[in-house]
Amino acid sequence: MPHQVALTIQAPVLRERRVGLGTVLGEMSGAGAARNPVLPFAELDGVHFARLFVLEETADLDGRELPETLFYMADVDAPWVGHLRQLATSQAAGIDRLFGCCAGYPPDPTPAMRVAWLLEHRVPSAATYVHRMGRSVAQVRDERRLRESIESFLDLPASVPPQLTATEAKGRIRGFALGRDDLRWARMGPRRPGLLFRLRDKVHLVALPLGALLLAPVLVPAAVILLVLVRLRERRDVADSGPAPAEHSTALEATEDHAAQNPFTAVGLVKPGRVRSLTLRAVLLGLDWANRHVYSRDNLAGVRSIHFARW
């Protein structure tokens, strides 16, 4: 049974290809994500969620230009390299139309060249969250079929007579499900992620606290100094205030509630300075550890409706 991983690809868009990229994305949006003719996500193996979006051209805090950038983000069953190979082979035409609008994309690529280019533009996640690690796409679909079959059984007249006790009703439903050859897998229970992943996960569980304990004589005073420096910078910073522009909120709302789940992406600029950079990296390191070992089962700090997240 695979575990789940976050894959992010980003690439700057060529100025002369912006209009063409917008046309391709509009074609995909109009046809629907699952069955669109460019990159039909429903035909990709092991994909839980995937999306494409364009980050508009802007400037950083020093005024330097940040080019318009195309992002592809997917949450997939491991290994993510297998997902890249599928994009580069069976979905090659769509990938060429999309990333062919980006700087440096090979003009006449082979599958190996596509994979190499996508790898070059992959952005590793600093922290990730998975609602239920090990719950593969195949398992999700099997459980949906199980639920639908049980609901159909319960809709039948006299399938569960009202005089039955709760235990007897459960037994009758269980007998129905296990009596069908296509649902017999349910008696096995869900499989766990692979042994190698579980071993790495145990090492990750122990390594960070153990390292922090061993380095405590250095880390504790360093953390105190860092907190003081952060607080001093916070007191000098001028925080943004006021509501978001109404037209921006309206544009965002127009993209929501078209399906059972909503994707959400926030992009911001990190203020310069070693103190902020060090603080951010430390927080993300701790967040990734907590996501994997504290909030590791359908609960991200009390929020249960998040399927996947990454930072």
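## Helix 7 and helix 10

An angle between helix axes counts as oblique when it is neither under 35 degrees, nor over 145, nor from 65 to 115. In this predicted model, the axes of helix 7 (residues 195-214) and helix 10 (residues 274-293) cross at roughly 135° and come within 10 Å. Helix 7 and helix 10 are therefore oblique to each other. The crossing in which helix 7 passes helix 10 is left-handed.

On the side of helix 7, the contact is formed by Arg200, Asp201, His204, Leu205, Leu208 and Pro209. Helix 10 contributes Leu285, Asp288, Trp289, Arg292 and His293. By class, the residues of this contact between helix 7 and helix 10 comprise 5 nonpolar, 2 polar and 4 charged.

## Helix 5 and helix 6

A second pair consists of helix 5 (residues 137-155) and helix 6 (residues 166-178), whose axes come within 10 Å and cross at roughly 120°. That angle makes helix 5 oblique to helix 6. The crossing of helix 5 and helix 6 is right-handed.

Helix 5 takes part in the contact through Leu146, Ser149, Ile150, Phe153 and Leu154. From helix 6 come Arg172, Ile173, Phe176 and Ala177. The residues in the contact of helix 5 with helix 6 divide into 7 nonpolar, 1 polar and 1 charged.

## Summary of the two crossings

The pair of helix 7 and helix 10 has a left-handed crossing, whereas the crossing of helix 5 and helix 6 is right-handed. The contact of helix 7 with helix 10 includes 4 charged residues, and that of helix 5 with helix 6 includes 1.

How values were computed:
Residues are numbered from 1 along each chain as its sequence is written. This is a predicted model: local features need pLDDT of at least 70, side-chain atom pairs count only at pLDDT 80 or more; totals for chains, interfaces and linings use all residues. Side-chain values use heavy atoms; hydrogens and water are left out. Axes are lines fitted to C-alpha atoms, for helices over the stretch in contact, and angles run from 0 to 180 degrees between N-to-C directions. Helices (H or I, at least four residues) and strands (E, at least two) are DSSP runs, numbered from the N terminus. A crossing is left-handed if the near helix is turned anticlockwise from the far one by less than a right angle, and right-handed if clockwise. Contact means heavy atoms within 4.5 Å. Ala, Val, Leu, Ile, Met, Phe, Trp, Tyr, Cys and Pro count as nonpolar, Asp, Glu, Lys and Arg as charged, and the others, Gly among them, as polar.
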